[in-house]
Amino acid sequence: MVLAELGRKITAALRSLSNATIINEEVLNSLLKEVCTALIESDVNIRLVKQLRENVKGSIDLTEIAAGLNKRRMIQHSVFNELVKLVDPGVKPWQPTKGKPNVIMFVGLQGSGKTTTCTKLAYHYLRRGWKTALVCADTFRAGAYDQLKQNAIKAKIPFYGSYTEVDPVNIATEGVDLFKQQGFELIIVDTSGRHKQEESLLEEMLQLSNAVTPDNIIFVMDASIGQACEGQARAFKEKVDVGAVIVTKLDGHAKGGGALSAVAATKSPISKLLGMGDIEGLVEKVNELKLEDNEELMEKLKHGQFTLRDMYEQFQNIMKMGPFGQIMSMIPGLSADLLGKGTEEQSMQRLKKMMCVMDSMNDQELDSLDGAKLFTKQAGRVTRVANGSGVSVREVNELLTQYTKFSQMVKKMGGMKSLFKGGDMSGRNMNPTQMAKINQQLARTMDPRVLQQIGGVSGLQQMMRQFQQQAGGSGQGMPGMFGLGS
C-alpha cells in the first residue's frame with residue numbers, strides 16, 4: 001500500500017538504533033536524517049518535516065540524560081510522539097447520527113475524483129442500512145450532473161440536480177431541503193472543483209456551506225499532487241470548516257505522504273492508516289455478510305455439521321469480501337503485496353475452479369454430512385464430477401481433502417458447547433484452552449507464508465483476540481473467523 005513503504009522506512013530507521021554500540025549525538029542525527037528523508041521522499045511537506053526534527057532534537061538532550069536510563073527507548077518514544085502529533089489533531093472523527101438528516105459537503109480541486117467518491121461514500125452507507133441521497137451542485141464542469149446521475153442510477157441511490165439552473169447555491173438548497181422532507185439520513189452534496197488561486201470559486205464554496213450548513217465538509221485530495229497537498233488543504237480549511245480528508249488515486253505512483261500534510265493542515269483526524277492493519281474494517285466486512293441470518297448454517301455449526309454445499313456458500317462469502325490482497329492488508333502484520341498480483345489472481349482462479357467443481361456435484365453429494373466418504377466409497381463419482389467440470393481427478397480429490405480439513409475443524413467447534421452459549425459466537429464464552437485448540441485448527445488451514453507473516457500461532461492468537469473484541473458486540477466473531485479461514 002502507499003503509506004506502507006513509508007512505515008517500513010521509518011521502522012527500519014528506528015531499528016537501526018538498536019545496532020548502535022553507543023548512543024551519542026551522531027547516532028541521533030543519523031536516525032533523524034533517515035526518518036526525515038523517508039518523510040520527504042513520501043511527499044510530506046518539508047516544513048512539517050523540519051518542525052518534527054526540531055521538536056525531537058529539542059526534547060532529547062543526551063548530555064543531561066541520567067545514567068541508567070534507556071537512551072534508545074527515550075529517542076524512539078520521542079520520535080513516535082512527534083509522528084503521532086503530525087497526524088493526530090486530538091479531535092474525534094465525525095460520525096453521522098442514525099435517524100436524523102446528516103449533510104455532507106464535498107470540496108476539492110478539479111479532477112480529484114469528488115463525484116465518484118461521493119457515490120462511493122453514499123453506497124458505503126446504503127449497504128449498511130442508511131437512507132442516502134446525492135445532490136449535484138456542480139454547475140461549472142460540463143457533464144458533472146450526467147456523471148453523478150449515471151453513478152447514482154447504477155448504485156440505486158436517489159439524486160437531485162438541474163440542467164437549467166446555473167446557481168449552485170439554489171440547487172444545493174433545494175436538493176437538501178427536498179431530501180430532508182423525505183426523511184433521508186445521509187445527504188451528500190457534490191460541488192465544483194476549485195483551486196486555491198480561484199478566489200471567486202472559493203467564495204462560492206463558502207456561500208454553499210452557509211446555505212446548506214453541512215454537518216461535515218470533506219476535502220477530496222488527489223494523491224499525485226505531492227508537496228502541493230499542504231498548501232491546497234490549508235487554503236480550503238481557511239475558507240470552510242474542513243473536517244475530513246479523503247485521498248484518491250492511491251493505486252498509482254503517488255507517494256501518499258501528501259495525505260499526512262493535508263491532515264496536518266486541516267486538523268482532520270485519521271481513522272485508518274493504510275498498511276497498519278484494520279481489524280475493525282475486517283469485522284465490518286464480515287458483518288456485511290450477515291452470517292447470523294443463516295439460521296440453518298448456525299444450527300449445523302452448533303452440532304459440528306458441515307457439508308460441501310456449506311463450503312460452497314463460504315467460498316461465495318469470501319468472494320463477496322473483495323480481493324484477497326485487500327483483505328490481507330486489513331490483518332496487522334500483513335501487506336497487500338504478500339502474495340503478489342499474479343499469485344492473488346491465481347488464488348481467486350483456484351477458488352472459482354473449486355466452485356465450478358462443486359457445481360458439477362448433485363444434491364446428494366452436496367448435502368451429505370459425509371461428503372468425502374461418499375466419494376471414497378464410490379470412485380465413479382469423482383470421475384463423473386471431474387469430467388463434468390473439465391478438471392482432473394486429482395483436482396477433485398484436492399477439493400475433497402480441503403473439505404475434510406474444514407469439516408474436522410467444524411466438528412471440534414461443535415463439541416465446544418460454550419462457544420454457542422446464549423447465541424453468542426464471538427468466542428468470549430470459551431476458556432483459553434478451547435480458544436487455543438480453535439487457533440491450532442485454523443493455523444493448519446492457513447497458507448504457511450501468511451501464518452509466518454503474522455507471527456505464527458502466537459500472532460494468530462493475538463489477532464483473534466482483537467477480532468473477538470471488535471466482533472463481540474455483534475456475536476459474529478466465530479462465523480466470520482471461520483469464513484476467513486476457508
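These are a few notes on the predicted model, mostly about helix α2.

1. Ground rules first. The model is predicted, so local features need pLDDT of at least 70 and side-chain atom pairs count only at pLDDT 80 or more, while totals for chains, interfaces and linings use all residues. Residues are numbered from 1 along each chain as its sequence is written, and side-chain values use heavy atoms, with hydrogens and water left out.

2. The whole chain. It has 23 helices and 6 strands (DSSP runs, H or I of at least four residues for helices and E of at least two for strands, numbered from the N terminus). Of its 486 residues, 49% count as buried (under 20% relative accessible area, 1.4 Å probe, protein chains only; exposed is over 50%, partly exposed in between).

3. The length of α2. This helix takes in residues 25-41, 17 in number, and spans 24 Å from first C-alpha to last, close to the expected 24 Å (1.5 Å times one less than its number of residues).

4. The two faces of α2. V27, L28, L31, L32, V35, C36, A38 and L39 are buried. They cover an arc of only 160 degrees around the axis, which puts them on the same side of α2 (the arc is that of the directions from the helix axis to the C-beta atoms). Turned away from that buried side is the face carrying exposed E26 and K33.

5. The ends of α2. At the start, a side-chain oxygen of N24 comes to within 3.2 Å of the backbone nitrogen of E26. Just after the helix, D43 has a positive phi of about 75 degrees.

Technical notes
Polar contact = N/O pair within 3.5 Å; in protein donor to acceptor, adjacent residues only side chain to side chain.
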